Amino acid sequence: MSIRPRFFYYLLFCLSAWFLGHFGNWAWSNTLFIFLLLLPLASFLAALWHRSRITLDLLRAAEQIERGEAASWQVRMHSRSSWQKHYLQGIYRDQASSVPEYLRPFPLNPREDLDLVIEINAEHTGPLKPFAFALSILDPCGFFALSLVSFKSADFPEVLVLPRSLISILDKDESKAYLESGEAISKKSDFDLDEIELVRPLREGDRMRDIHWKVSARMQEWMVRQYEKADENELYFLFQLPHLEADQDAPEEVLNLRDLVLDQVSEAAQSFLSQDFNLILRYRRPWADEDKADSLDQYNSLRLSLASLAFSQPVTLAQQITEEAAVPGARFYCIFCYELSQELTTALLVLSAQAQGILLRLIYPGSTPPKEWKPWIEDLAAAGIKVTLSRFPAALPSARRGVR
């Protein structure tokens, strides 16, 4: 319970009335003073009874939303009173601010349902909840605010923010400009990620209808689609995410980088699934924590897996690739990362010796890629690994939070 400022003004008025009545020697001043003092008590008891006549439910508008959309929760109130109008006040506190935001008092009419909507713009991928929200009921005289309900972050149902699908990456692939020769990083790099199909050079006995005309024109040699083996249509996804301990607050730059990686994985997954590829997402070790999809209908389940990933990543990308190289069999890989090192380059070169194909998407910070990456990228290109570069974009605008 909290005492509103008007209660103190009222006490000051009562004392003034008593003093004037006593000074004027009015016979009824004591009776008036007792009545004025009992009025706040009666108003408080009425508020207690009114509070028992209100029921509340906490609902969420949607369990899943796409990043950039607004997540909303509804505090549904119902008054069982048949004659008295109630006045309520809400208090909302944002996680980023220690100063609570007080809503203006609003009425709840008798036998009426009223929805109070808490809305947060989903700025980052992952689970999302409001921080804290409380409702109070005002007594009929407006002296007190009695606590009606208090919701902490754990009380709100979780809304899962999914990575974007088929996003428009503003920065184009800058791989060609990165090399002094001005040519593509590898011969396989002459077509975009969303146009890739698993192809190989034409061999004697191949059918003309299997020729991939578009890729052949770009590669300047005859290329055919590979459908001879069942597993040749499978594509393994590996990716690197920023590591953050569970008890730490995530910096904005780390969250933005994580969003960018997940968006690109999501976009590539939708693109490949639309081309009838079978995808295997591996985000821990080759034999654990993986999701599979063989049709576009299962794309949403892959996005759910991406949105549910924790920040901690105990197994590095280089370790994952090294373990993949130990698994027998030639596979196709699509790898996303934002760092390149000698260890990672060596692991990729070992994997390329047995893999049927590797697509590497590198995300770099700043305006130009780090200079130390160049010899490593050239080594990867020489091994037939397709490498593309994309710039880490600027920070996203702050999330919009509010109650209405």
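User: How do you know that the length of helix α2 agrees with the number of its residues?

Analyst: In this predicted model, helix α2 runs over residues 29-51, which makes 23 residues. At 1.5 Å a residue the expected span is 33 Å, and the end C-alpha atoms lie 34 Å apart, so the two values agree.

User: Where does α2 bend, and which proline follows?

Analyst: The bend is at L38 and comes to about 25°. P40 follows within four residues.

User: Which residues of α2 are buried?

Analyst: They are S29, F33, L36, P40, S43, A47 and H50. Buried here means under 20% relative accessible area. In an α-helix there are 3.6 residues a turn, so residues three or four places apart point the same way.

User: Why is L41 called partly exposed?

Analyst: L41 belongs to helix α2. Its relative accessible area is 48%. Buried would need under 20% and exposed over 50%, so a value in between counts as partly exposed. Across the chain, the C-alpha atom of L41 is separated by 10.0 Å from that of D139, a residue 98 places away in sequence.

User: What makes F7 and F144 an aromatic pair, and why is the pair called tilted?

Analyst: Rings pair if their centres lie within 6.5 Å, and by this rule the count is 14 aromatic pairs. For F7 and F144 the distance is 5.1 Å centre to centre, with 45° between the planes. Stacked needs under 30 degrees and edge-to-face over 60, so this pair is tilted. F7 sits in helix α1 (residues 5-24) and F144 in strand β11 (residues 144-152), so the pair links parts of the chain 137 residues apart.

User: How do you know whether F7 and F144 are buried or exposed?

Analyst: The relative accessibility of F7 is 13%, and that of F144 is 8%. The limit for buried is under 20%, so both residues count as buried.

User: Which residues make up the cluster linked by ring pairs?

Analyst: F7, F8, Y10, F44, F143 and F144 are linked in this way.

User: What makes the pair of F237 and F272 edge-to-face?

Analyst: The ring centres are 6.1 Å apart and the planes stand at 85°, which is over 60 degrees, so the pair is edge-to-face. F237 lies in strand β15 (residues 234-239) and F272 in helix α5 (residues 252-273), so the pair ties together parts 35 residues apart in sequence. F237 has a relative accessible area of 0% and is therefore buried. F272, at 1%, counts as buried too.

User: How do you know that β5 pairs with β7, β10 and β6?

Analyst: Two strands pair if there are at least two bridges between them. Strand β5 (residues 86-93) has three bridges to β7 (residues 106-108), antiparallel, with L88 opposite F106. To β10 (residues 132-138) there are seven bridges, also antiparallel, and G90 stands opposite L135. To β6 (residues 101-102) there are two antiparallel bridges, and Y92 stands opposite E101. Each count reaches two, so β5 pairs with each of these strands.

User: What makes β11 a partner of β1 and of β10?

Analyst: Strand β1 (residues 2-3) joins β11 through two antiparallel bridges, with I3 opposite F144. Between β10 and β11 there are seven antiparallel bridges, and A132 has K152 as its bridge partner. Both counts meet the limit of at least two, so both are pairs. In the hairpin of β10 and β11, five residues lie between the strands, and G142 takes a positive phi near 80°.

User: Why are β3 and β9 called edge strands?

Analyst: Three strands form an open sheet in the order β3-β12-β9, with mixed pairing. β3 (64-66) and β9 (126-128) each pair on one side only. Neighbouring strands of this sheet are turned by 35° against each other on average, direction ignored. β9 and β12 (residues 159-162) are antiparallel over three bridges, and L128 has V159 as its bridge partner.

User: What makes helix α6 a helix that packs on this sheet?

Analyst: Helix α6 (residues 299-307) touches β3, β9 and β12. Contact means heavy atoms within 4.5 Å. The direction of α6 makes about 105° with that of β12.

Definitions and conventions. Residues numbered from 1 in each chain as written. Predicted model: local features only at pLDDT ≥ 70, side-chain atom pairs only at ≥ 80, totals over all residues. Heavy atoms only, no water. Axes fitted to C-alpha atoms, helices over the stretch in contact; angles between N-to-C directions. Expected span 1.5 Å × (residues − 1). Bend = angle between axes of the 7 residues up to and from the residue. Buried < 20%, exposed > 50% of the residue type's maximum accessible area, 1.4 Å probe, protein only. Phe/Tyr/Trp six-rings, centres within 6.5 Å; stacked < 30°, edge-to-face > 60°.
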